[in-house]
Amino acid sequence: MPEWPLTLDLAALAASGWRPTPFRQFILKIHSRCDLACTYCYMYEMADQSWRSRPLRMAPDVVTAVAARIAEHVRAHDLPSIELILHGGEPLLVSPEEIERLVGTVRDGVEADVAVTAQTNGVRLDRTYLSLFDRLGIGVGVSLDGDRQAHDRSRTTADGRGSYHKVAAGLRLLAEPPFERLFRGLLCIVDLRNDPTETYRALLGFGPPTIDFLLPHGTWAQPPPGLGRDDGATPYADWLIEIFDQWYAAPARPANVRLFDEIIYLLVGGASASEQIGLSPTAMVVVETDGTIEQSDILKSAYEGAPLTGLHVSRDSFDDALRLPGIAARQIGWDALSDTCRACEVARVCGGGHYAHRYRPGSGFRNPSVYCADLLRLITHVANTIKRDLMALQKDFR
C-alpha cells in the first residue's frame with residue numbers, strides 16, 4: 001500500500017480552493033562531493049546514496065536550463081524576488097570562475113531580484129572566494145558546531161583530521177571589512193555530547209548575526225542519537241533550553257537564534273519562515289548537479305529515493321513539481337498533520353516538526369516528529385517564559 005503523501009488527493013485539494021505556493025527559494029547542488037566526512041551528514045551517511053551516481057559539477061548546459069526554468073517560473077507567478085542557494089556537497093569545490101558564470105547566467109536570465117547565498121563548511125573560505133562574493137553580493141552561511149573539540153568531534157576529513165582550524169580562519173576573514181556585510185550566520189548541529197553553554201559561547205565568539213541550531217536528522221526507523229527509548233526523556237529540549245534561558249535573559253542579545261525567534265513569532269500569532277517548525281507552506285525546491293528536480297534534500301535521511309520527483313530541468317517546469325503530492329504535502333500545513341498532532345496544544349506552533357523527521361515505514365510522513373516530546377517541552381518552556389514576563393508587564397501597568 002502506498003505511503004502518505006502518495007495517497008494525497010490533489011484534485012480534492014484543488015476543488016476545496018487550495019492553490020500551490022510558487023517556489024521562491026532555489027537550492028542548486030553545484031557540486032555533489034564534499035571535502036569533509038561529517039558523521040551525521042544526511043547526504044552521504046544516511047539512507048539515500050544517490051550522490052554516488054551524480055556528476056561532480058553542474059555542467060554549463062544544466063546551468064543554462066536551470067536559469068531558463070527559474071525565469072519561466074518567475075514570469076508565470078510574477079515574482080518580484082527569489083533566493084538562490086549555492087549548495088552541495090561543498091559549493092566551494094567549484095572554482096570562483098564557475099560560480100561567477102553560474103550566478104551571472106541566472107541573474108541575466110531572470111527578471112527579478114536574485115539574492116544569492118553560499119552555504120559552506122568554511123574549509124575553503126579564503127580571500128579569493130570572499131572577494132568574488134563581495135563583488136557579486138553573495139551572502140555566506142557557515143557550518144560550525146562550537147569550539148575546536150565540539151566541532152572536530154563530527155566535522156572531520158575522510159582520514160579523521162579536524163577541520164576547526166580552517167573554518168575558524170575563514171570566519172576570521174569573513175569578520176574583516178568589507179566582507180563582514182556578507183555574513184549571514186552560523187549553522188550548528190545539536191550534539192548532545194557537547195556542552196550547550198560552551199557551544200553557544202564559542203559560536204558567539206565569531207560575531208554571527210544569526211545562529212541556526214538544527215536537530216540532527218533522523219526518523220522513526222532511524223532515530224537520532226539519544227532518542228528511541230520510551231522513557232519520556234527530552235535530551236534535545238534540555239540542551240536547547242539551557243541556551244534559550246541565557247539568550248532570552250541577555251540585556252542585549254548578541255545574535256538572533258533562529259529557532260527561538262521562530263517559536264516566539266508563532267506563539268504571538270506570526271508565521272514561520274523555517275522548515276523546522278510552524279505550518280507555513282514550503283516554497284523551496286532542489287536542483288541536483290545532473291539537472292534533476294527534487295524535493296528537499298533532507299528527505300535523503302528517510303529512505304532511498306525519497307526526494308525524487310521524476311522531473312528534469314531539460315524537459316519539465318517547476319510548476320510541474322508543484323503538482324506533485326510530495327510537494328503539496330509540505331504546503332498544506334494543518335491538513336498534513338497526523339491526528340495525534342492535531343490534538344496537541346502546541347500543534348500550530350510545532351507544525352509537526354520538520355517534515356523529514358515524521359517518516360515512519362508503512363505510514364509515510366503523516367506522523368508526529370521523532371522529536372515530538374522534545375518539541376513539546378521546548379515550546380512549552382518558551383511559552384511559559386514569555387507568559388511570565390507578559391504577566392509581570394501587565395502588573396507594572398496597573
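This section describes the internal cavities, the largest nonpolar core and the cysteines of a predicted model.

The search for enclosed space gave 2 cavities of 30 Å³ or more. The largest cavity holds about 60 Å³ of space. Its lining is made up of Leu215, Leu259, Gln276, Ile277, Gly353, His354, His357, Ser369, Tyr371 and Leu375. By class, 5 of these residues are nonpolar and 5 are polar, and no charged residues take part.

The second largest cavity holds about 40 Å³. Leu215, Tyr236, Ala237, Leu240, Leu259, Asp374, Leu375 and Leu378 line this space. Two or more of the lining residues come from each of helix H8 (235–249) and helix H14 (372–396). The class count for the second largest cavity is 7 nonpolar, no polar and 1 charged. Leu215, Leu259 and Leu375 appear in the linings of both cavities.

In soluble globular proteins, nonpolar side chains tend to be buried together. In the present model, the largest nonpolar core comprises 117 residues, and the members that touch the most others are Ile70, Leu84, Ile99, Phe133, Leu174 and Phe213. Helix H8 supplies the largest share of this core, with 9 residues. Helix H8 is also one of the elements that give two or more residues to the lining of the second largest cavity.

Leu174, one of the core members that touch the most others, was examined for its contacts beyond four places in sequence. These contacts are with Leu125, Leu130, Val140, Val142, Phe179, Glu180, Leu182 and Phe183.

The count of disulfides in the model is 0. For Cys188, the nearest cysteine sulfur is that of Cys38, at 12 Å, and Cys188 is in no disulfide. Because its relative accessible area is 0%, Cys188 is classed as buried. Cys372 is likewise in no disulfide. The nearest cysteine sulfur to that of Cys372 belongs to Cys341 and lies 6.1 Å away. A disulfide requires sulfur atoms within 2.5 Å, so a pair at 6.1 Å does not qualify. Cys372 has a relative accessible area of 35% and is therefore partly exposed.

In the numbering of elements, helix H14 spans 372–396. Asp374, Leu375 and Leu378 are among the residues that line the second largest cavity, and Leu375 is also included in the lining of the largest cavity.

Methods
Residues numbered from 1 in each chain as written. Predicted model: local features only at pLDDT ≥ 70, side-chain atom pairs only at ≥ 80, totals over all residues. Heavy atoms only, no water. 1 Å grid on protein atoms, 1.4 Å probe; cavity = no way out; pocket = protein on both sides within 12 Å on 5 of 7 lines; lining within 4 Å. Points joined across faces, edges and corners; volume = space filled by probe spheres on them. Nonpolar A, V, L, I, M, F, W, Y, C, P; charged D, E, K, R; others polar. Helix = DSSP H or I, 4+ residues; strand = E, 2+ residues; numbered from the N terminus. Core = buried A, V, L, I, M, F, W, Y, C linked by side-chain atoms within 4.5 Å. Buried < 20%, exposed > 50% of the residue type's maximum accessible area, 1.4 Å probe, protein only. Contact = heavy atoms within 4.5 Å.
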